[in-house]
Amino acid sequence: MGVILSVENIVKIYPNGVIANRGVSVEVEENTIHAIVGENGAGKTTLMKVIFGIEKPQEGKIYYKGKEIHIRNPLDAIKIGIGMVHQHLMLAPDLTVSENLVLGSEPLKGKFFLDTQKAIEITKEVSKNYGLDVPAEKKIKDLPIGIKQRVEILKALFRNAELLILDEPTSVLTPQETEVLFKTLKELKKHGKTIIFISHKLKEVKEIADKVTVMRDGKVVATKDAKDLTEHDIAYLMVGREISFERIPPPKRIGEPLLTVRNLSYVNEESVEVLKNISFEVRAGEILGIAGVEGNGQTELVEILTGLREATTGEVLIKGENILGLSPRKIREKKVSHIPEDRMKNGVADKATLEENFIVDRYYKSPFSKGAKLDWKYIQDYSNKLIKDFNVLASSPKATVSSLSGGNIQKVVVARELSSNPMVLIADQPTRGIDVGSEELVHNLLMKARDEGSAVFLVSADLDEVLKLSTRIVVIYNGEIVARFNEVDGLTGKDLGPYMLGIKREE
Amino acid sequence: MEKFVLKYFNLIRTIIAIAIGIIISIFVIYVISKNPGFSLKSFLLGPFLSKSRFGNLIETASPIIFCGLAISIPFQAEQFNIGAEGALFIGAAIGTAFAVSTNMPMIIHIPLVLLVAGLVGAFWGFIPGILKAKWNASELVASLMLNYVAYFLGLYIINYHFRDKAAGYLVSYQLPKTAWLSQFVPGTRIHWGIVIAFIFAILVYFFLYHTTLGYEIRMTGFNIHFSRYGGINVFKVIIISQVIGGFIAGIAGMTEVMGIHRRFNWQMSPGYGWDGVVVAIIGRNHPISIIFASLFLAYLRVGGQVLNLLSDIPSEMVTVIEAIIILLITAEAFLEQWRYRITIKEAERKEVEHEPAS
Amino acid sequence: MNPLLKSIISPDFGFAILRVMTPILYPAIGVAISALAGSINIALEGIMLVSAFTGVMVSAFTGNLFLALIMGILAGVGLSALLGYFHLKLRANIILAAIALNMFASGMTIFLLYIFAHDKGTSSSLKSLVFPSYQIPVIKDIPILGRIISGHNILTYFALVSVIIFYYIIYKTPLGLRIRAVGQNPDAAESVGVDVNKIKMYSLLLSGVFGALGGLYLSMGYVSWFSRDMTAGRGFIAIAASALGGNLPLGTFLGSLLFGIVNALAIYLASLEIPSEFIQMIPYITTIIALTIYSIQAMAKAKRRKKISEESTT
């Protein structure tokens, strides 16, 4: 069997300056299941987007079946025989399975009419060919997600995809559905298909893949046969690195637990158990880091803690008081601050000014306002102070946030959340996408908050960050706490990796 | 030069759109009119050439300013409530009913009548507000439907219960003199309503930019996720922004009745609510810009009327020009290429500035 | 029997309903098609106006009914194309652009009316044509049904046929499938290479065709002249009618029928002391109620799914 897809020296730089792929070269052999693994930000999704024509690389070549190809858009990729199943399924909910399947390549009756009967037949045929059972006449919105995903796969197969790319396919599936998917993939291999499978769940990778490519920091670290690697090997390749940072000085004084989470569970609208019986506590004066690859429930956990989402069962106590069911404002009034994961969506209103962004959690309190009247003079002075203290590079407090760089926008968010002297600080991916200098500053500020007695809950996919800052660490995988480390000194990614990637768990 | 353009880009775009509109009207006049020079003069200068014409400009602007303000408040919260037309109609109808049935000294009567009209309008804004806040029902469709309900309900109330049978047509009883807004510029019909409109514009400015509630409304409009995350009660904001809009619209209708007609004599919906949408768009929801936009719209209207009267060109040309101007303003990508090129040039210039001399 | 009741139950009333319903059904289909593609066209009011005007003018000046039909449709489609251009290419907000185009149509038609007919009110000074009405051979002799169904203008019959055409386009053609897909999930359409903007433009053009027919009926069937703003808000009523019917063929028809009944009733009641205003309010209030119920249901469905999943974990 030869090489079906070969990418050579792919370089992709996003407009904001982030170098997602720094000269990536990979060969995918025909009729194999080839897994691409790596942490968030390693560049795997970007690589797939380049192959499928969603993004254009600055440099590099792509060869398909030995010939160089130029893919300008997904349609080109589809024509060549590459199909992609995205993480967020692209199906029309009110149309049936067969309608979704034939969309864009509809079978015709005569010249103008849709042959719905033929569409159903085609669906049944493709379905039978590959052993993928789908109810051709049911509407997508009435199907469970495992079946929906199968429809997506069939969509690609119907268009004669020989190379199938699946982006984190198991992140939305229950364990049972995952097993079914794997059976499917093995079937497809028997039919001569080649599959590229992006994942960070190493157990699954070991179970299904023939070859593994490990990416880190935009480069390929290794491509090997799966049988030659243990899960630990893969984990080390993924996260092992020279320790390039120094841990911050230990906390001075640790007090009582200010944030207590007990038996917290959350089942989402697709009936997936996102959080399973989570319990932990964060004490005054310490930083509890929660390590985990994104997508293991952290987002939902933070939303529940900050009142932006309803939990299913369990308790969340701030200094002993249960806050589940309280509004975001009431939770903030209990002196809880939140640096959000998505700063553009939640953290700022980018068309508003810095001043307006600084006061969203306190505009209604004196001295920012007296009664109903805002005191802009005070707000301006206050904003200037924040700009200075937090080193925000802006022309004036009346500049709009959109004129700032990513790092400075994050500083605005951090400035606001820290300046209220919170009792509990939830920092979710606090240094994502910002420059090194700003990162340093944010880390120092988190340490300062800790030393002033706050209980800091740090959620981060950046292992270095977690290891550098945390007093204690818990690891989350698949919605469960799978490890707790009360001593962080001397820990490395090699220790945390296996837990983060589902290979090991504490009993 | 580029920096200036970038900073005031939206304003410049608006001015260019208006200029294009004016140029088109000049062109049309030249093509159609048998006496283009005279027609042009009537159109462009007409509103200023006599006291009563200028008065027309001011009186026409009055309800438009009100409705522009009324629409701008829900628009600032990203609520597409276009119910000002209905709110002003039903507010005026019930306000008239109240004015005609009560007797009190002017100093109480006037504010009370206005208050009644405002409260009715507020209720009209409340309905789409709560439907949106609670059940995410389209406030656009709901407010549009309510415009019709208001129209029929208002007509019913006036035609069946307050109709002045002595008068020739379908109109209400005349308002008692204690409920009249007097016209204080002789030779014109300019009434105190315009003063109230200006006062409201200032109040709305103050409200939107200097109060906590105004802040909540604007932030919700900027980014509803941010507002929720920050603790703002978005449910309340969705409702209140539409209630306040309705209140102002109710007053708008009533001032027209009290200042110009002195009775409810609308058998068709006057259309100020739609004008309000137009000036809110042109003025980008800012109260002071809305005043200018309304004066400009009124200027165009009166100019069109003079044109119509004195020359051979129908006033509807103005409507067409207005429409073109709005289309250009609402097209975000209008002149976008230009802005993009200037942005690149600016960025390059900044690069050069920061390069060390070597 | 109460004379009013008698006249309502009469076949003439049935006839009136179909007549009145026609200029509501056409634009309602137009709104529905555009809504299904996710870019709702609220400029049907203006589209009907320009078509009504164009039909009258062309027929008056050329004496050719067919040409009037074609030009009228082109006028309507042209205005839709403008809407599509400004919204899809120049990224204007579709609601605001439609409001502007409605204004444009109103002003432009009156302006041109004055230029060509020297009258700002109606075009009755011009000799414009009308579309023919037909008595259907066998049906016209059926006792009650005959008087209701036979004798209508050809455009009324075509309006009923249009509902079926609408159904066929949406459910039985590839274009219809793509329109629905684009309206439900544009990403899904793009992922298979469907050009979302092109499909939206097609849906707008189609809505222009149906709106144009509605306008042509008004000025060349319902009455035989063009008068200023003669659409009288029917373009907006159409929004309610199709919203009431969930933007689907049968629902749009029933919604338009409801408005047709109510408007016909109002005409009858106007001759009596009963306030027609109350009757006329009904469809609008009904739409608000329907909209609310629909939204409550949508919310409840989401909650129900969550509840079931909660129960399965305890």
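The following paragraphs lead through a predicted model, from its confidence scores to two sheets of chain A, a helix pair of chain C and the contacts of chain C with its neighbours.

The model as a whole scores ipTM 0.86 and pTM 0.84. For chain C, the pLDDT averages 87, and 92% of the residues score at least 70. Within chain C, helix α10 (residues 196-222) has the highest confidence, at a mean of 96, whereas helix α1 (residues 3-9) of chain C has the lowest, at 67. One stretch of chain C calls for particular caution: over residues 308-314 the pLDDT stays under 50, and for these residues the model has 10 contacts beyond four places in sequence. Where pLDDT is low, the predicted coordinates should not be read in detail.

Chain A offers a convenient place to begin. One of its sheets is open and has four strands in the order β2-β1-β4-β5, with antiparallel pairing. The edges of this sheet are formed by β2 (19-29) and β5 (67-69) of chain A, each of which pairs on one side only. From one strand to the next, the twist averages 25 degrees. In the interior of the order, β1(A) and β4(A) run antiparallel and are joined by five bridges; across this pairing, A:E8 stands opposite A:K61 in β4(A).

The pairing of β4(A) with β5(A) can be followed residue by residue. Strand β4 (residues 59-64) of chain A meets β5(A) in the antiparallel sense over three bridges. Here A:I62 stands opposite A:I69 in β5(A), and A:Y64 stands opposite A:K67 in β5(A). The two strands form a hairpin with two residues between them, and in the turn A:K65 has a positive phi of about 50 degrees. A helix also belongs to this picture: α1 (residues 44-52) of chain A lies across β1 (3-13), β2 and β4 of chain A, and runs at about 115 degrees to β1(A).

Further along chain A, another open sheet consists of four strands in the order β14-β13-β16-β17, again with antiparallel pairing. Its edge positions are taken by β14 (273-283) and β17 (321-322) of chain A; each has a single partner strand, so one side of each is left without a neighbour in the sheet. Strands β13 (residues 257-267) and β16 (residues 313-318) of chain A run antiparallel and are joined by five bridges. Within that pairing, A:T260 has A:L317 in β16(A) as its bridge partner. Helix α9 (residues 298-305) of chain A lies across β13, β14 and β16 of chain A, at about 60 degrees to β14(A).

Chain C can be approached through a pair of its helices. The axes of α8(C) and α10(C) come within 10 Å and cross at roughly 110 degrees. That angle makes α8(C) roughly perpendicular to α10(C), because angles of 65 to 115 degrees count as roughly perpendicular. The crossing of these two helices is left-handed. On the side of α8(C), the residues that meet the partner helix are C:L175, C:R178, C:I179 and C:V182; α10(C) contributes C:V196, C:I199, C:K200, C:Y202 and C:S203. By class, the residues of this contact divide into six nonpolar, one polar and two charged.

Helix α8(C) also leads to the neighbouring chain A. The contact between these chains involves 24 residues of chain C and 24 residues of chain A. On the chain C side, α8 (174-184), α9 (186-191) and α13 (276-313) each give two or more residues, and α13(C) gives the most, with seven residues. This side of chain C has eight nonpolar, nine polar and seven charged residues.

The contact of chain C with chain B takes 39 residues from chain C and 35 residues from chain B. Here α5 (94-117), α11 (234-244) and α13 of chain C each supply at least two residues. The largest share of this side of chain C comes from α5(C), with 15 residues. By class, the residues on the side of chain C that touches chain B divide into 29 nonpolar, seven polar and three charged.

How values were computed: Residues numbered from 1 in each chain as written. Chains lettered and ligands numbered in written order. Predicted model: local features only at pLDDT ≥ 70, side-chain atom pairs only at ≥ 80, totals over all residues. pLDDT = per-residue confidence, 0-100. Contact = placed C-beta atoms within 7 Å. Nonpolar A, V, L, I, M, F, W, Y, C, P; charged D, E, K, R; others polar. Pairing = 2+ DSSP bridges. Axes fitted to C-alpha atoms, helices over the stretch in contact; angles between N-to-C directions. Parallel < 35°, antiparallel > 145°, perpendicular 65-115°, else oblique. Left-handed = near helix turned anticlockwise from the far one by under 90°.
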